[in-house]
Amino acid sequence: INAVTLGKYIPGKIWGLVARGSRLKLAGLSTKEYVKASFMEQYLLILGCMILISISAPLLITHPLSKLIPAATPIEILIAHKLQKFFFTKYSIITKNKEHETPITISLTDFTKLSIMYTLLWVSGGLVFYGVALSSTNITPSISNLISSINANAIGVTAGFLALFAPGGIGVREGSIAAIIAPTMGLTIALYVTIIYRAFSIASEILCGTIALSISHRNVK
């Protein structure tokens, strides 16, 4: 994970994944297993963002029908589960070594648990963002600021990840976050907070990533 965190700032998005793959090979994982695990990680990360948006929609949208949006969450998980089975089946057909190899998939129960865990991961990251906003500005603590911060962080990071041209999602993440929190915090504060948060993120990722990789390197030796 820390290899990916450090590598994502190199243009191309793939270098962090390559670095992590080399580390996992030392731990006994094959390239085929690693690709599957990495795909599922990114897949669940995006799904968790979608679930978070759906659940919090009634708190962000004033339209009466917005209260129905959280009910779509089980459908999102079910469709995503069906798709992951489809993707894994096709991948196994392309890369299989044995004639009758059974495609590896995740059961619906485990998939649901993982989806919830990734949603909570986004909530955790959003709380950090909200903490940075509270500590660096004079905004008033409120439910609307809290919910918009959590959603802005999730959507911004996801948008930055999908923007393959932007190292670490720089620019795309900040623009998305600022656009979402500006209605509740004001444009000036929104821009200020996104810059402070990016600086905080880079510093913490480089520091924690370097320490973790250093410890990992010593353990491998």
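**Figure 1. Overall fold of the protein chain in a predicted model.** Read along the sequence, the protein chain of this predicted model follows the pattern α-α-α-α-α-α-α-α, which amounts to eight helices and zero strands. Of the 221 residues in the protein chain, 36% are buried, and the chain exposes about 12500 Å², of which carbon and sulfur atoms supply 73%. When contacts in the protein chain between residues at least 6 apart in sequence are considered, 69% of them join residues at least 24 apart.

**Figure 2. Close-up of helix H7, residues 172-185.** At 1.5 Å a residue, the 14 residues of H7 should span 20 Å, and the end C-alpha atoms of this helix are 19 Å apart, so the two values agree. The helix nevertheless carries a kink of about 30 degrees at Ala 179, shortly before the proline Pro 183. Buried residues are found along H7, namely Arg 173, Glu 174, Ser 176, Ile 177, Ala 178, Ile 181, Ala 182 and Met 185, a list that holds the charged residue names Arg 173 and Glu 174 together with nonpolar ones such as Ile 177 and Met 185. Just after H7, the backbone at Gly 186 takes a positive phi of about 95 degrees.

**Figure 3. The largest nonpolar core and the helices that build it.** This core has 13 residues, and those that touch the most other members are Phe 129, Ala 133, Ile 177, Ile 181, Met 185 and Ala 190. Two or more residues are given to the core by each of helix H5 (108-136), H7 and helix H8 (187-220), with H7 providing the largest share, five residues. Viewed from Ala 133, and leaving aside its neighbours within four places in sequence, the contacts are with Ile 139, Met 185 and Val 193. A second, separate core of 11 residues includes Met 40, Leu 47, Ile 51 and Ile 106.

**Figure 4. The surroundings of Ile 180.** Ile 180 lies in helix H7, and its relative accessibility of 25% is above the 20% limit under which a residue is called buried, so Ile 180 counts as partly exposed. When residues up to four places away in sequence are not counted, Ile 180 touches Ser 148, Asn 151, Ala 152 and Ile 155. The C-alpha atoms of Ile 180 and Ala 190, which are 10 residues apart along the chain, are separated by 8.6 Å.

**Figure 5. Thr 73 in helix H4.** Thr 73 lies in helix H4, which covers residues 73-95. Its relative accessibility is 10%, and Thr 73 therefore counts as buried. Apart from residues up to four places away in sequence, the contacts of Thr 73 are with Ile 51, Ser 54 and Ile 55; of these, Ile 51 is also included in the second core of 11 residues.

**Figure 6. Two cysteines, Cys 49 and Cys 208.** A disulfide is a covalent bond between the sulfur atoms of two cysteines. A search of the whole structure finds zero disulfides. With a relative accessibility of 5%, Cys 49 counts as buried, whereas Cys 208, at 45% relative accessibility, counts as partly exposed.

Conventions
Residues are numbered from 1 along each chain as its sequence is written. This is a predicted model: local features need pLDDT of at least 70, side-chain atom pairs count only at pLDDT 80 or more; totals for chains, interfaces and linings use all residues. Side-chain values use heavy atoms; hydrogens and water are left out. Helices (H or I, at least four residues) and strands (E, at least two) are DSSP runs, numbered from the N terminus. The expected span of a helix is 1.5 Å times one less than its number of residues. The bend at a residue is the angle between axes fitted to the seven residues ending there and the seven starting there. Buried means under 20% relative accessible area, exposed over 50%, partly exposed in between (1.4 Å probe, protein chains only). A nonpolar core is a set of buried Ala, Val, Leu, Ile, Met, Phe, Trp, Tyr and Cys residues joined through side-chain atoms within 4.5 Å. Contact means heavy atoms within 4.5 Å. Accessible areas come from the Shrake-Rupley method with a 1.4 Å probe; for residues, only the protein chains shown count as cover. A disulfide is a pair of cysteine sulfur atoms within 2.5 Å.
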